[in-house]
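Subject: Structure for your files

Hello,

Here is the structure I said I would pass on. My notes on what was found in it follow below.

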Amino acid sequence: MAETTSGLFDLVKTLTEMLGPSGYEDDVQDWLERRWREAGCETNRSRINNLFARVGGHGPKLLVAAHVDEISFRVKSIDDDGHLRLTSGTGGSELNAPHHAFVAQPCQVMTPKGNVPGTVGTVTGHVMTREKRADNSIDWPDIFLDIGARSRAEALSWGVHVGCPVVAEVPTRRVGHNIVGKAMDDRASLAIMTNWLETLDRDALQYELWFGSTVQEEVGLIGAGTVTGFDLAIAMEVGLAGDIPGVGNLQVPSRLGAGPLLGHKDAAVHYDRHILSRLTAAAEREGIPVQHLVFLQFSSDGKVFIGNDIPTAMLAYPTRYTHSPIETIDERDLQATLRLLDAFATTPW
C-alpha cells in the first residue's frame, strides 16, 4: 500500500470534492482566493470570474494556470414521473455519448433552493427489451437522474428546473498507489499550485510569477480566451495514461508514477518548444523523471493562450479514466510536477 504523505493529498481531496461545474465555479474560486491570500499573494477576479494571484518575484511575467470547472451534466427536461433527463454540461453537447462510468453514480443537482441528491439510472437487465440487450450501448436517451420524485410537479417544487447543473458526488480516496475521484481535471493542478506556496522561495524566483484559475474550460476554453499580458505561460492539465488494458504504450506512451508529462502537441496546437526545452533541462538538472507525449483528442487552455500571443507549454500529470468520476492519478507525479515547476521558476531565462 502507498504511504500517506504530505498535505498535498489533503488539498487534492478538498478541491476535487467541491462542486464547481462550468458557470458555477464560485465556491472553488472563493476557497482558492482565501488560501492564496493567506499565503501572501495579491489576488484579483475578472468580470467572468477568472482568478489571478501575483505570487512574487521579478522578471518576465510567467503565468502558471489551470482551469477550475469540472465535467458535469445539465437537466434537459423533466418527465411526468419526475425523472431528470440529462444532457452534457461540456462543449460539444450530445455529439459524444455520455461516459459509461457515470451510470449508477450518486450526483447532486444544484438548484436555487439547495442541492438535491440523485443517482444516474438506466434500464437494467431484467427489464431490458431484446433489442436493447442486443445493442448494449448507452447514449443520452438511455440515462436519467432518479431524484426520488414521483412527478414533474414534485421535482419542480424541490427547486429543480431545466438548466440546473448536475455533478457527480464521489469521495476522493486512496486505492493502493492511486488517488481516485472526480475533478482531478483540473483541480489536482490547483492543488499542486497551492501546495507550492508552502515551500516556494520567492526571493529565488527569476520571473514575476502569477497563478491563474480559469473558468469554463470544459465548454470551449472560454475563461482562458480573455487572458492577455503575460510573457510566457505554463498550462497545467491532467494528462493521459496508456498503462491500462486496451490502450498500451504504443498508443499512449505514458504511465502513472513515471513523472510529469511534457505535452508537445495536442489536437489543437503545438506547444512552445523553447519553454519545453527549458523544462526538460530543469528536470535533467534536478533528477526529476519526465515523460514526453503527443496528446490525442485533447485540447487545453494553452491553445487560446498561444492564440493571444503568449508562448505556452503544457505540463501535465498522467491520469487514467479522464472525464469520468473515477479519474485516477499517482501522488508521486504531483510531487514531481511541483518540483519541476519550482526548478523552472528559479532558473534564469
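**An unusual peptide bond in H5**

Asp-186 is found in helix H5. The peptide bond between Asp-185 and Asp-186 is cis, with omega at about 10°. Most peptide bonds are trans, and most residues other than glycine have a negative phi. Please keep in mind throughout that this is a predicted model.

Both residues of that bond turn up again below: Asp-185 lines the largest cavity, and Asp-186 lines the second largest cavity.

**Two positive phi values**

Gln-297 is not a glycine, yet its phi is positive, about 45°. Gln-297 sits in the loop between strand E15 (291-294) and helix H7 (302-307). With a relative accessible area of 80%, Gln-297 is exposed.

Tyr-321 also has a positive phi, near 60°. Its place is the loop between strand E16 (312-317) and strand E17 (327-330). Is Tyr-321 buried, exposed or partly exposed? Tyr-321 has a relative accessible area of 33% and is therefore partly exposed.

**Pocket and cavities**

The largest pocket holds about 1,300 Å³ of space. Its lining consists of 40 residues, and those nearest the centre are Asn-96, His-99, Gln-297, Thr-322 and His-323. So Gln-297, the residue with phi of about 45°, is exposed by accessible area and is one of the residues nearest the centre of this pocket. By class the lining divides into 17 nonpolar, 18 polar and five charged residues.

There are two cavities of 30 Å³ or more. The volume of the largest cavity is about 70 Å³. Among the residues that line it are Glu-70, Ile-71, Phe-102, Lys-182, Asp-185, His-323 and Glu-327. Five of its lining residues are nonpolar, two are polar and four are charged. His-323 belongs to this lining and is also one of the residues nearest the centre of the largest pocket.

The second largest cavity has about 30 Å³ of space. Its lining is made up of Ala-65, Ala-66, His-67, Asp-186, Ala-235, Met-236, Glu-237, Ser-300 and Asp-301. Strand E3 (61-67) and strand E13 (232-238) are the elements that give two or more residues to this lining. Here the classes are four nonpolar, two polar and three charged.

**The loop after E3**

Ile-71 lies in the loop between E3 and strand E4 (73-78). Ile-71 counts as buried because its relative accessibility is 18%, and the cut-off for buried is under 20%. Beyond residues up to four places away in sequence, Ile-71 touches Thr-90, Phe-102, Glu-218 and His-323. Two of these contacts, Phe-102 and His-323, line the largest cavity together with Ile-71. Ile-71 and Val-219 are 148 residues apart along the chain, and their C-alpha atoms are separated by 9.3 Å.

Ser-72 is in the loop between E3 and E4 as well. Its relative accessibility is 6%, so Ser-72 counts as buried. Outside its neighbours within four places in sequence, Ser-72 is in contact with Pro-21, Ser-22, Ser-88, Gly-89, Thr-90, Val-166 and Val-167. Thr-90 is thus a contact of Ser-72 and of Ile-71.

**Helix H2 and the nonpolar cores**

Helix H2 (residues 26-38) has 13 residues. From its first C-alpha to its last it reaches 18 Å, close to the 18 Å expected at 1.5 Å a residue. Which residues of H2 are buried? They are Val-28, Gln-29, Trp-31, Leu-32, Glu-33 and Trp-36. An α-helix has 3.6 residues a turn, so residues three or four places apart point the same way. The buried residues of H2 pack against helix H1 (7-17), strands E1 (42-45), E2 (51-56) and E12 (208-214), and helix H5 (184-196). Gly-40, which follows H2, has a positive phi, near 95°.

The largest nonpolar core has 66 residues, and Trp-36 and Phe-211 have the most contacts inside it. Helix H8 (residues 331-345) gives the largest share of this core, eight residues. Another core lies apart from it, with 21 residues that include Val-75, Leu-86, Phe-102 and Cys-164. Leaving aside neighbours within four places in sequence, the contacts of Trp-36 include Cys-41, Leu-51, Leu-190, Met-193 and Phe-211.

Regards

Definitions and conventions: Residues are numbered from 1 along each chain as its sequence is written. This is a predicted model: local features need pLDDT of at least 70, side-chain atom pairs count only at pLDDT 80 or more; totals for chains, interfaces and linings use all residues. Side-chain values use heavy atoms; hydrogens and water are left out. A nonpolar core is a set of buried Ala, Val, Leu, Ile, Met, Phe, Trp, Tyr and Cys residues joined through side-chain atoms within 4.5 Å. Buried means under 20% relative accessible area, exposed over 50%, partly exposed in between (1.4 Å probe, protein chains only). Helices (H or I, at least four residues) and strands (E, at least two) are DSSP runs, numbered from the N terminus. Contact means heavy atoms within 4.5 Å. The expected span of a helix is 1.5 Å times one less than its number of residues. On a 1 Å grid over the protein atoms alone, a cavity is a set of points where a 1.4 Å probe fits but cannot get out, and a pocket is an open set with protein on both sides within 12 Å along at least five of seven lines; lining residues have an atom within 4 Å of a point. Grid points are joined across faces, edges and corners, and a volume is the space filled by probe spheres set on the points. Ala, Val, Leu, Ile, Met, Phe, Trp, Tyr, Cys and Pro count as nonpolar, Asp, Glu, Lys and Arg as charged, and the others, Gly among them, as polar.
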